[in-house]
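Please look through the structure shown here with attention first to local strand geometry and then to the contact between chains.

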Amino acid sequence: MRITARLRKHIWGYLFIVPAVVIFLLFLWMPIVKGFVYSFYHIDFVKGNSFAGFGNYRTVLHDPDVWTATKNTLYYMFLCLVIGFWVPIVFAISISELKRFQGFVRVAAYLPNVIPVVVLYGLWRWLYDPVGPINASITSFGTDPVSFMTDTNWSMISLVFMETWQQFGAAMLIYLAAVLSIPRDLYEAAEIDGAGVWKRIRHITLPFIRNIIVLLFVLQLISTSQGYQSQMAMLDGGPNQATLTYALLIVKYAFTRLDYGAASSLGVLMFLVLGGLAVLQHRLSSREVN
Amino acid sequence: MRKLRKASFILASVALLSGVLTACGSNDGNGNNGGNTGNAGAANGGANDGGTKATDSGTNAAAANGGNAATDDAPAKKITISIYYPTPDLVEKRALEDDKIKRFNEKYPNVEVVKSDWQYNPNEIGIKMGANEAPTLFNTYATEGKFLAERGWAADITDLFNGYEFKDQMNPILQNQFIIDGKVYGIAQQGYVTGTVVNKKMLDDKGVAVPSYDWTWDDMLNTAKAVADPKKGISGIAPMGKGNEAGWNWTNFLFEAGGEIQTVDGGKVTAAFNSEAGAKALEFYHKLAWEANAIPKDFALGWGDAVGAWAQGRTAMVIAGPDGPVDQGLNQGGMKPEDILVYPMPKADANGKHTGVLGGDFLVINPNATKDEQEMAFKYATFDYFSDKGLESVEASIQQRKTDNKYFIPPVIQYFTDNSDYGQKVKAVYDKYDNVYQYSPEIMSLLDGKPEAQFNTQDYYAEMTLNVQSVFSKKDVDIKAALDSSAKKMQEKFYNNIKVE
């Protein structure tokens, strides 16, 4: 009786969330559950599926490509942190210190984000060309040109530089909002006490945006662990699998080898690892809200 | 009033929910939602003035009913087929297809032809079939015949083919690639033997002698070395090095060296590309890269990248089905016919053969389509074959290209043989126009096409791509060890699971 009364009271609320629940159910939760189920099946959409037990897991765990892809992914995540993670922080703090042209610099820094990826890849292919502008600058000092795309030592680094250039603007805006929300009187008090720029950044700015830094750190780990777009479009995982990431291998298992069961098992393994990171991110964002 | 609002909201929610569910629902087999199979074609049938309307589906319906219905009077059954339609950039081909659809509908007014510009992609076909979204008639490549047949993704059209009046005039070089264990799974369209297309102007500009058509690997190496200018970013040859195209390009050299991709014996498939011939072919790639310094520094080139580089004058030679680069060079790169030389693949040595991978385009019928739809798709696919109307359509396309100041590039191999009556008719049309690119008769006599691997072709190409990249990026690579390792991998991962019956 009490349930009915409560239902009647909130009926409109429940009805309003029905479309969202249905859409999430069909396009998000059901694929996740199906991914788990498919990982135990040999998938054949036309002739019918057959139960494979842990066969798909055995297949992928015995595949040397999986370990290569895992190592490459960890390397890619590491490079993204070393090359790219600090860039938006530095830009945000620098822009916040600007007295003039702050709006212009903010837009200019964000601009690469709106470039379509096809244009981006074409542009950087040209920049990295053996006779392109970067190599022209390098060789003008009398050194040999660098094969940015096809030297296995450089290929992943080159992709990370390209992605950092394109993507730092979005994170920078988040940092900038956090920096600008710091009460100005703290800086004024510090200035009166004789604190210079570096001391203000170290003792006021960084402590204030610490939680945002940690949150974006975790988010970056999650997103880079799933990276495959530029690796696939620019180099198809090559040369010599130097840019074959875990997510790209899943794509190859599914759409090149057409082994959806094995691809699903790789996805499940990744889901378990990322699930841990997602929990961590959730806790951090709750702390941020509090 | 409030009740009315409530009712409206509930109705709207139900409508939204059903909309979402409908969007997710499965189709009837061809990406067409239901409603087409009913006998709603009476109006069309009534308007039909031809005597053929009931002979196709109507006869089947009469036979199925066991009656001897007057088929000419029976309303033709409404049938919908979705067909492969060229992409928007191929304006001339689209015009040809539109004209064909119009003429087909004049003959078969009960058939609705739905255009699908989905282009066959090995990475997408699984999803298309799984989602029941593949067109009734779709295009594919020569490599895919066995694969599609084994997966059950190509309809067995043996009966339709056997009933086809021109079946004996189909070019066997092409058609046989889709006849597997005596069953027919596809209809040949056009084909090629992979060759080398040379930018002659680049050779002339650098004073490099043009080799004879009967050339060897050494000739290719020396020409590539002579024309390359790495400091300016110009390479002598651009073997593809990104994606599966890299393995496909290299396989030509494997064949020229006398090698095989795999052998089938006693029901077992065995990797064979790690032979002496394989090592020799990979060593030739090594020489091109490290001895001649003749390949692009950025060798991660797919088909479009390599052919584009050739058309832009950044490389003098490219390995491909010749009509592709010639089309790009003449119609997009601003080259003149005299700047382009189409060569057969070079022979390994003076005693070798100019063997190139045999490839081509085929049409395949969706096995999920009904028998009526399959029959109509077959009729559509072969509608212009061996017909004067088809010839007129080709001539109109040549004339249109002439008006647009463009060239018409005929396929190297057609679905008919060149010396057949129809082949002679087509040649007579080509000879009338100066904007039809003519392949040298000399190279046509040298071409030696060899079909691709029967089993796991794309997996083999993917594996060989790694070796090609390895040779291009590491000077000290152990070629034999790399090939042996790849052969072992292919054997254990794929070939051991195959039982050939």
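In which sense do strand β8 (residues 262–265) of chain B and β9(B) pair, and over how many bridges? In this predicted model, the two strands pair in the antiparallel sense over four bridges, and within that pairing B:Thr263 has B:Thr270 in β9(B) as its bridge partner. Two residues lie between β8(B) and β9(B), which form a hairpin, and B:Gly266 in the turn has a positive phi of about 55 degrees.

In a regular strand the side chains alternate between the two faces of the sheet. Strand β9 (residues 268–271) of chain B follows this alternation, with B:Val269 and B:Ala271 buried and pointing to one face, while B:Lys268 and B:Thr270 point to the other and are not buried.

Further along chain B, helix α13 (residues 303–311) has among its buried residues B:Val307 and B:Trp310, and the cover over the buried residues of α13(B) includes β7 (195–199), β10 (317–320), α14 (323–332) and β11 (340–344) of chain B. After α13(B) comes B:Gly313, with a positive phi near 80 degrees.

The remaining step is the interface, where chain A and chain B bury about 3100 Å² between them, 62% of it on carbon and sulfur atoms. Of the area that chain A buries against chain B, A:Trp12, A:Asn240 and A:Leu258 supply 18%, more than any other three residues. The contact draws 34 residues from chain A and 39 residues from chain B. Five salt bridges are counted between the two chains, and the side chains of B:Arg314 and A:Asp129 meet in a salt bridge at 3.0 Å, N to O.

How values were computed:
Residues numbered from 1 in each chain as written. Chains lettered and ligands numbered in written order. Predicted model: local features only at pLDDT ≥ 70, side-chain atom pairs only at ≥ 80, totals over all residues. Heavy atoms only, no water. Buried < 20%, exposed > 50% of the residue type's maximum accessible area, 1.4 Å probe, protein only. Contact = heavy atoms within 4.5 Å. Pairing = 2+ DSSP bridges. Buried area = accessible area lost by both parts, 1.4 Å probe. Salt bridge = Lys/Arg side-chain N within 4 Å of Asp/Glu carboxyl O.
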